[in-house]
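Thank you for making time this morning. I would like to walk through one structure with you, and I suggest that we start by simply looking at it together.

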Amino acid sequence: MTSFSMHGVGVSSGIAIGHAHLISHALLEVVHFKVPVAAIPVEIARFESAIAIVKNNLEQIKQQLPASAPAELSAFINTHLAMLSDKALSEAPKVIIQNERCNAEWALKQQMDDIVAQFEAIEDPYLRERKHDVVQVVERVIKVLLGRDQLDASEKKQQAKQERAMILVAHDVSPADAIQFKHHQFAAFITDVGGITSHTAILARSLNIPSIVALQRARDLINDGELMIVDGTQGVVIVNPDPEVLSEYQLKQNQWQLAQQKLQRIKTTKAVTVDGIAIDLLANIEVPEDVVSAKASGAVGVGLYRTEFLFMNRTEMPGEQEQFEAYKHVAEAMKGYPVTIRTLDIGADKQLHPDEIVTATNPALGLRAVRYCLSEPHIFHTQFRALLRASHYGKVKILIPMLSTLAELRQTKLLLQRAKESLRQQNIPFDEQITLGGMIEIPAAAINSEAFAQELDFMSIGTNDLIQYTLAIDRADDTVAHLYNPLHPAVLKLIQLTIQAAEKYGKPVSVCGEMAGDIKLTRLLVGLGMRQLSMHPSQILSVKSQILQCEEAILSRQAKKILSLSDLEKIEPLVKKFNGEFA
């Protein structure tokens, strides 16, 4: 057997060694054929039956989730159930069947292609990845239509193999599929598609298993049962490894597992540097159920609760009561720890419904986030009321995304005051001292951070967009993604400006972008003066381990030296040395 390697995007670290288990890609089996006029009602009934079967299957899977299952699984299944009820998938294909006199599989695939194309136009990488949820849902329905909703013989045979040595190889993997494969008893995921923010990636991180996506042709090139090595840290897959390579990775795997076990020992340890500087490590969450993993990781609060999930994949806006219940759930579950909830970050490039997407000339610079909410004040009012009501049940903080001018902030404050007054008139309790923060993710806001620091209660640096806007680079664009670099001197100087402004006016400041969870940047951020870092729960212990080993006084001197440089090629090796000297 020929040995070969493949490179993709590592989305969950670690090393797995096992045998390939290929999951079929039902969409490839869809063919197009005409149906007689008399058979159209039968074809529509077949489609409706398939939708009902998949709904029932998902409900059963949800009910059978073990108590130990990551909270993300239930949330993702709910998302898929909502999609199945949406008219875009449940009704539109029936119109295609009627008008084009075609088979149900083909009609559904045509509708899926249209929806996916609309998602492709979305600028935001996180929301763009939701197209994979549509594909996963459609594939489940098509499997039923093709009579392939049960595991075939080869899959049953493969499942009989040693469970922890099974590596799923697929075009894509839905959370529900993952549950069905022996209740998560697999060693790793690898998929042809996906990104760092895909549900597959989030699922892999929540399970703490190695995962690589965007391998392009893994499903075509890898044979069922072949021995594989998955290095999620490096984003490398090795198929049919030589004995020497296998032995080397078995050693690495043991070392990795020992390191992960050691990390568990510091879960309750406070994140404090050798010279006594405390660093707050908080969790980024997407849905209320994520609070379980946030608490399990030892997070001392939620630094960023993205509320977009409440608004996506549905035909109507979530009402005040629905939002209130979601926010209240997290506030109560965190038991007094702070919960920072970001207001709706949606707009021009990421509409609430895929079929309503309006393609902007430059969507990243369009009507989104706070701009969108200010243009739709009723949306802001409803969300503010829900947030304020939830603040009565825990330490809720409100975070406003994409601020660029003080005028936007002052308009937002006015709307918040109106929401407060409306609650007072109804004698509905809320925290009168609730704090208001702003995302510093536009260079203009960072440059003008002193002015924002005077009017905000706290600031949060969204490094993902700050880097993108500063360097004029779309990190999801393969042709320029290599230029996306958090160590660019301009980016570091903007972060420094924001930290200095916060210190000058005595306001808390945090980092909630990808930089916060990157252990290669932990020491630098601490050296720059950052005292709050918010990240995916799975990254907290690794970052804490770094903090426990470093001395802030030394880091501060090294950070000043790095800030004095204007050449990226000089900064990168210095940061590597910086990490190595004090590891």
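**Two tyrosines, a strand and a core**

At 0% relative accessibility, Y327 counts as buried, where buried means under 20% relative accessible area, exposed over 50%, and partly exposed in between, with a 1.4 Å probe and protein chains only. Before going on, I should say that this is a predicted model, in which local features need pLDDT of at least 70 and side-chain atom pairs count only at pLDDT 80 or more, while totals for chains, interfaces and linings use all residues. Residues are numbered from 1 along each chain as its sequence is written, and side-chain values use heavy atoms, with hydrogens and water left out.

Which residue forms an aromatic pair with Y327? The partner is Y305, in an edge-to-face arrangement with 6.0 Å centre to centre and 80° between the planes; rings of Phe, Tyr and Trp (its six-membered ring) pair if their centres lie within 6.5 Å, and planes under 30 degrees apart count as stacked, over 60 as edge-to-face and the rest as tilted. Because Y305 belongs to strand β10 (residues 302-306) and Y327 to helix α15 (residues 320-333), the pair ties together parts that are 22 residues apart in sequence. Helices (H or I, at least four residues) and strands (E, at least two) are DSSP runs, numbered from the N terminus. Y305 is likewise buried, with a relative accessible area of 0%.

Both tyrosines are listed among the residues with the most contacts inside the largest nonpolar core, which has 93 residues; such a core is a set of buried Ala, Val, Leu, Ile, Met, Phe, Trp, Tyr and Cys residues joined through side-chain atoms within 4.5 Å. Apart from this core lies another, of 34 residues, among them I51 and V141.

If we leave aside neighbours within four places in sequence, Y327 is in contact (heavy atoms within 4.5 Å) with residues including Y305, F311 and I341.

That last residue, I341, leads to the strands, since it stands opposite I398 in β12. Strand β11 (residues 338-342) pairs with β12 in the parallel sense over 5 bridges, where pairing requires that DSSP finds at least two bridges between the strands. On I398 we also find L436 of β13 standing opposite, and β12 and strand β13 (residues 435-440) pair in the parallel sense over 4 bridges. Finally, 5 of the 6 residues of strand β12 (residues 395-400) are buried, so this strand is largely enclosed by the rest of the structure.
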